[in-house]
Each structure stands twice: as C-alpha cells, then as structure tokens.
Amino acid sequence: MGLTNCKRKVAIVYASVTGNTEAVAGILRAIAQEKLLEVSVWKVEEFSLAELPHYDAVLIGTYTWGSGELPREMRSLFEAFERLDRKELVTAVFGTGDSFFAEFCGAVNRFRDMLFVHTDLAATLKIELAPQEKDYIRCEKFTESVLKKLNE
Ligand SMILES: Cc1cc2nc3c(=O)[nH]c(=O)nc-3n(C[C@H](O)[C@H](O)[C@H](O)COP(=O)(O)O)c2cc1C
C-alpha cells in the first residue's frame, strides 16, 4: 500500500483570514506527509487553477462568511471545479466555523454538495474555530478517507 501512495500528488488549497483554517491545513499537511503523499499547500489566492488537473487529490479548506456563505476568494476555485467535471479526481473539504451562527460551516456544505456531483468526494470535516487536540484524530480519519479513495 505504501508504494502506491508515494507517487500521489495532493494539493491542499485553503482560505483563511484569522488563521484557524490555515492551522488545520498545517495539521493535514503533516499527516499526509507521514502517509508518504507528495503534498503542496496553497493559499487560494496563490493557487493556479490551471494546475487542478495535475493532482490526484485536492483538499479544500474554507472558513464561512456572511450567513453560511463562501468566502469571496473561494468563488473562482468553486467554479473551476464545476467546469472541470473530473469524476475521478479525489477531493475532500474541510473548514472551520463558529456554531454561534445559524449555518455552522455553511461554506463546507456548499463545497461538499458541488464536489459530490463533479468529483470523487472522499470526506468532509468541520472544526469549531481553532483546532484542538481532540481534532487531530478527526484530521487523521479525514486523511485516511482520502488515501482509501486514492488506493481504490
Ligand atoms: C462576519 C462573519 C460571519 C461569519 N459567518 C459564519 C457562518 O455563517 N457560519 C459559521 O460557521 N461561521 C461563521 N463565521 C465564523 C468564521 O467562519 C470562523 O471564525 C472561522 O474559524 C474563521 O476562519 P479563519 O480563522 O481561517 O479565517 C463568521 C465570522 C464572521 C467574522
């Protein structure tokens, strides 16, 4: 199993203003590297949409804005996945939010519904504000679901 993993290219693309989602991206990067995946991490503003077809898996990280809305900077990535329509691309979406709001992690829900239609969605993960120690195991399970899909 390890040998098949080592050539898999994974991108983690995220949006973060106050650092919570960025912190989760960092945890996921460390876990994915332990599992011998080739991982690159990108702020969404720095990610080239033209590169999307060159990855075996893309992990998307987003905070939620407004009333359960996508952050503005995530919109072009969202639309790029809609256009790409590559059912074999493994994806997963994670995010941080605040359960004080009516729709907790609404942006994760928006991505989940779209990625389920257009890609091979492996997992979703919602974290309350900054990741805590108990979230590490959830991040591991999230990454394992991606690996499982890649090895199918
Ligand atoms: C104006 C505003 C609106 C927000 N709306 C929501 C929301 O609808 N649902 C939610 O779960 N969190 C909402 N949040 C909370 C953020 O998504 C949360 O703080 C998140 O962890 C920020 O991520 P970041 O630190 O990566 O920027 C909102 C925050 C602000 C400031």
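Let's start with Thr21: an N or O atom in its side chain sits 2.7 Å from an oxygen atom of the ligand, and by polar contact I mean a pair of N or O atoms within 3.5 Å. Two backbones join in. A polar backbone atom of Gly19 is 3.1 Å from a ligand oxygen, and a polar backbone atom of Asp98 is also 3.1 Å from a ligand oxygen. Taken alone, the ligand exposes 640 Å², and the protein buries 83% of that (Shrake-Rupley areas, 1.4 Å probe).

A word on provenance, friends: this is a predicted model, where local features need pLDDT of at least 70, side-chain atom pairs count only at pLDDT 80 or more, and totals for chains, interfaces and linings use all residues. Residues are numbered from 1 along each chain as its sequence is written, and side-chain values use heavy atoms, without hydrogens or water.

Now, who surrounds the ligand? There are 20 residues around it, and Ser16, Val17, Thr18, Thr21 and Thr96 come nearest (near means a heavy atom within 4 Å). Helix H2 (20–34) and strand S4 (90–97) each supply at least two residues of that shell; these are DSSP runs, at least four residues for a helix and at least two for a strand.

And the space itself? The ligand takes up the largest pocket, with about 320 Å³ of space in it. Of the 20 residues lining this pocket, Tyr63, Thr64, Thr96, Gly97 and Asp98 are the closest to its centre. For the pocket, think of a 1 Å grid over the protein atoms alone, and an open set of points with protein on both sides within 12 Å along at least five of seven lines; lining residues have an atom within 4 Å of a point.

Definitions and conventions:
Polar contact = N/O pair within 3.5 Å; in protein donor to acceptor, adjacent residues only side chain to side chain. 1 Å grid on protein atoms, 1.4 Å probe; cavity = no way out; pocket = protein on both sides within 12 Å on 5 of 7 lines; lining within 4 Å. Sits in = over half its atoms within 2 Å of the grid points. Points joined across faces, edges and corners; volume = space filled by probe spheres on them.
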